[in-house]
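Visitor: I'd like a close look at one part of this chain and whatever packs around it. Can we start from a single contact and work outwards?

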Amino acid sequence: MTVILLRHGRSTANTSHTLAGRSEGVDLDAKGREQAAAVVDRLGGLPIRAIVRSPLLRCASTVAPLADALGLTPLVDERISEVDYGSWTGRKISELVKEPLWAVVQQQPSAAVFPDGEGLAAVQARAVTAVREHDRRLADEHGSDVLWVACTHGDVIKAVVADALGTHLDSFQRITADPASVSVIRYTTLRPFVIHVNHTGENLTSALLAKPAPTDEKSEGDVPPGDAVVGGSTG
């Protein structure tokens with residue numbers, strides 16, 4: 001099972017340098033809408049069976065063109081929603097960097113709990129659980145080698161990728177997930193394989209379909225899917 005973790009396109013909060021969190025009404029800006037339209041060319045040639053998205057508007061707007069092109073109805077899952085930043089929600093980043101908690105978020109995120117909000121460790125737990133459960137559900141419905149999209153948020157993607165890499169959450173700030181980027185993880189019975197991180201290239205189809213996916217545990221262990229990928233993370 002392979003999941004494409006798609007971050008929403010650039011939002012009005014991204015350009016105003018505020019921490020949007022779960023604020024209502026935060027949508028894509030003009031550049032973000034262009035990015036959402038481009039997702040169709042980047043991913044539309046892949047045999048995607050399902051789209052799961054965060055309930056927030058900016059994710060709904062990002063996957064709408066792809067869903068229309070593929071004839072799929074996105075499933076909304078609260079567990080891949082944005083971090084609940086509590087009283088930090090809506091504040092300017094320039095203000096937040098002066099807070100003592102900011103250093104904890106950067107240096108020891110596993111210990112960071114946002115005031116009146118949630119902790120990053122809890123975010124990772126809910127998001128990883130959601131991704132793995134959807135993997136199992138889609139395997140039951142469609143069989144093996146299903147490709148699907150989860151449209152979510154930067155910190156959520158970084159937390160899921162950190163888990164797949166087998167690295168501690170305290171290292172997740174070393175991972176990048178730009179607006180409209182995709183990160184690709186293949187889950188197998190042995191372990192996850194991280195195929196792409198922060199891919200922002202024009203087309204992902206050739207990279208993912210360049211070599212048939214392994215079909216048994218022995219081949220998965222001997223030849224990780226990532227070995228078939230040529231090039232850097234930005235495509």
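Which residue in S4 is the bridge partner of Leu5?

Guide: That would be Ala150. Before we go outwards, the ground rules: this is a predicted model, where local features need pLDDT of at least 70 and side-chain atom pairs count only at pLDDT 80 or more, while totals for chains, interfaces and linings use all residues. Residues are numbered from 1 along each chain as its sequence is written, and side-chain values use heavy atoms, with hydrogens and water left out.

Leu5 belongs to strand S1, residues 2–7. Strands here are DSSP runs of E, at least two residues long, and helices are runs of H or I with at least four, numbered from the N terminus. Six of the six residues in S1 are buried, and buried means under 20% relative accessible area, with exposed over 50% and partly exposed in between (1.4 Å probe, protein chains only). The cover comes on both faces: Thr2, Ile4 and Leu6 are buried on one side, and Val3, Leu5 and Arg7 on the other.

Now the neighbours in the sheet. Two strands pair if DSSP finds at least two bridges between them. S1 makes six with S4 (residues 147–152), running parallel. With S5 (residues 182–187), S1 has five bridges in the antiparallel sense, and there Leu6 stands opposite Val182. Beyond S4 comes S2 (residues 48–53), joined to S4 by five bridges and parallel to it; Arg53 has Cys151 of S4 as its bridge partner. Put together, you get an open six-stranded sheet with mixed pairing, in the order S3-S2-S4-S1-S5-S6. S3 and S6 (192–199) are the edge strands, each pairing on one side only.

Back to Leu5, since there's some empty space next to that residue. The structure holds one cavity of 30 Å³ or more, with about 30 Å³ of space inside. On a 1 Å grid over the protein atoms alone, a cavity is a set of points where a 1.4 Å probe fits but cannot get out, a pocket is an open set with protein on both sides within 12 Å along at least five of seven lines, and lining residues have an atom within 4 Å of a point. Points are joined across faces, edges and corners, and the volume is the space filled by probe spheres set on them. Leu5 and its partner Ala150 are both in the cavity lining, along with Ile80, Ala127, Val131, Thr152, Val156, Ile157 and Val160. H6, S4 and H7 each give two or more residues to that lining, and H7 has the largest share, with three.

Ala127 and Val131 are among the buried residues of H6, which also include Val123, Gln124 and Ala130. Thr129, also in H6, is partly exposed, with a relative accessible area of 37%. The C-alpha atoms of Thr129 and Val160 are 9.4 Å apart, though 31 residues separate the two in sequence. As for the helix itself, the expected span is 1.5 Å times one less than the number of residues, so the 23 residues of H6 should cover 33 Å, and the end C-alpha atoms are indeed 33 Å apart. Right after H6 comes Gly143, with a positive phi near 90 degrees.

At the other end of our strand, Arg7 leads to the largest pocket, about 620 Å³ in volume. Its lining has 28 residues, and the closest to the centre are Arg7, Leu19, Tyr85, Ile93 and Asp155. H1 (12–16), H5 and H7 (154–165) each supply at least two residues of that lining.

Tyr85 takes us to the last stop, a cluster of Tyr85, Trp88, Trp102 and Phe114 linked by ring pairs. Rings of Phe, Tyr and Trp (its six-membered ring) pair if their centres lie within 6.5 Å; planes under 30 degrees apart count as stacked, over 60 as edge-to-face and the rest as tilted. The structure holds three such pairs. Trp88 and Trp102 sit 6.3 Å apart with planes at 20 degrees, so that pair is stacked. Trp88 is buried at 4% relative accessible area, whereas Trp102 is partly exposed at 23%. Trp88 also pairs edge-to-face with Phe114, at 5.4 Å and 65 degrees, and both of those residues are buried.
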